[in-house]
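Biologist: Please take a close look at one helix pair in this model. Tell me how the two helices pack and what lies in their contact.

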Amino acid sequence: MMASLLPLLPWLIVMFVSMISSAFFSASESALFYLRTSDKIRMAKGSAGERMAVRLLATPDRLLAAILFFNLVSNILIFSVSSICALQIEKSEDFSALAATGFAMGTLLFMIFFCEMLPKTVGVMAPLWLAPKVSLPLAILVRLVSPLLPWIQAINRVTLRVIWPRFRIENYLEPVDLERAIQLSSSDASIIEHEQTVLNNIVHLSEIRVDEWMRPRTQFEIFRPPVSLADLEGRVPAGGYLLVSEPTSYEVAQAIRLDSQYQLPEHNLEALADRVLYLPWCATVADALEQMTKSEREVTAVVNEYGESIGILTVEDIFETIFSYAPSRSKRLLDRNPLHPISEGRWIVAGIMSLRQLARKLEVPIPPTHSVTVAGVIQEQMQRLAEAKDECEWGPFHFRVVETGERGHLIVELTMRRDPEVGE
């Protein structure tokens with residue numbers, strides 16, 4: 001019997017090497033594509049293997065095409081050699097047809113478990129350990145297969161046009177589709193109402209500019225490094241974040257969330273801080289949330305057209321916008337409602353209240369303006385900083401400044417005009 005197996009030995013060696021190759025590509029695919037953004041950021045400054053893995057993932061389509069190509073070649077070799085061995089076993093006088101069938105089935109099961117399931121599990125469970133070790137061989141193989149990639153892509157396009165000529169990319173889900181899904185998924189009216197509120201708030205994120213929702217620069221304190229606990233004077237800064245500036249300026253550069261720290265050193269608190277994200281004043285809150293999620297940053301510094309930071313937006317501010325029934329920046333910053341009715345057609349308004357929210361609350365159109373808050377409009381109309389008892393008119397409103405605070409907070413009495421000229 002052993003003599004009968006000797007002619008199969010070269011084929012078995014080829015099949016064993018192909019199985020190892022298939023397992024390698026399966027594990028490599030899982031490990032590399034399971035890496036998180038934070039892992040890749042850290043690996044970009046790590047060892048040569050880690051840096052190589054990050055460079056490979058910079059062109060994921062090319063990397064995936066190379067892995068799938070070599071994995072396909074390995075699997076074809078396994079099946080081809082398995083068929084040859086099964087035929088020779090069937091022709092041998094020492095084995096029966098049942099032995100050939102058993103060999104083929106055993107090869108298939110071995111391949112499924114040891115070449116696909118087990119390697120992919122290892123890749124998912126230990127991507128940080130495995131990715132640097134497979135990056136160098138993969139880099140060489142990607143370079144080898146690069147001349148074939150245009151042909152592979154061309155064959156893929158031709159196949160799609162021949163087999164699925166009417167294949168179309170699906171449209172993005174519309175808010176009405178999500179609302180319908182919420183209604184169908186729950187029978188509890190209170191849950192449906194809450195979920196629809198959250199959904200509407202998420203949709204509105206694409207309409208709100210960051211300068212409308214940010215914490216203005218007058219609402220937070222910036223510390224220049226080095227920062228010690230004594231500088232905080234036993235208090236937590238507004239918003240719960242310690243903001244650190246550049247060493248040579250007062251522009252926001254780093255932030256640390258104090259309530260997430262179990263123990264703080266006496267000195268050099270800036271060593272625990274993370275870099276902030278920078279976005280222009282005209283970006284939307286949806287843009288900020290997307291960029292903060294991708295970069296895993298918790299604070300965005302809002303800058304004007306001159307590159308100066310004019311405010312900050314934290315991830316907590318955005319979450320409050322999403323999960324609140326009536327999100328309000330002035331209520332968040334001042335801990336009070338921004339609009340109080342005092343009589344028919346008269347209200348007390350916080351100067352920090354956004355014009356968008358004011359128009360929505362009072363259900364009136366407002367004239368076009370570059371300002372985003374009530375205080376900004378008053379300053380724009382008067383061409384100076386407002387003082388108590390100042391009065392001005394704008395669109396359908398008459399403003400009278402009741403009080404000015406230490407940090408520029410305005411309390412304004414708003415009166416609705418009977419015959420407003422909205423376009424003025």
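Modeller: The helix pair comes first, then the sheet and the cysteines.

This is a predicted model, where local features need pLDDT of at least 70, side-chain atom pairs count only at pLDDT 80 or more, and totals for chains, interfaces and linings use all residues. Residues are numbered from 1 along each chain as its sequence is written, and side-chain values use heavy atoms, with hydrogens and water left out.

Helices (H or I, at least four residues) and strands (E, at least two) are DSSP runs, numbered from the N terminus. Two packed helices are described by the angle between their axes and the distance between the axes. Helix H5 spans residues 60-91 and helix H7 residues 127-145. Their axes lie 9 Å apart, at an angle of about 90 degrees. Axes are lines fitted to C-alpha atoms, for helices over the stretch in contact, and angles run from 0 to 180 degrees between N-to-C directions. H5 and H7 are therefore roughly perpendicular (65 to 115 degrees).

Which residues meet in H5 and H7? From H5 come Arg62, Leu63, Ala66, Ile67, Phe69 and Phe70. From H7 come Leu138, Leu141, Val142 and Val145. Contact means heavy atoms within 4.5 Å.

Elsewhere, four strands form an open sheet in the order E2-E3-E4-E5, with mixed pairing. Pairing takes at least two DSSP bridges between two strands. The edge strands are E2 (222-223) and E5 (274-275). E4 (residues 252-257) pairs with E5 in the antiparallel sense over two bridges. Gln254 has Arg275 in E5 as its bridge partner.

Cys85 is buried at 0% relative accessible area (under 20%, 1.4 Å probe, protein chains only). Cys392 is buried too, at 11%.

How values were computed. Angles under 35 degrees count as roughly parallel, over 145 as roughly antiparallel, 65 to 115 as roughly perpendicular and the rest as oblique. Buried means under 20% relative accessible area, exposed over 50%, partly exposed in between (1.4 Å probe, protein chains only).
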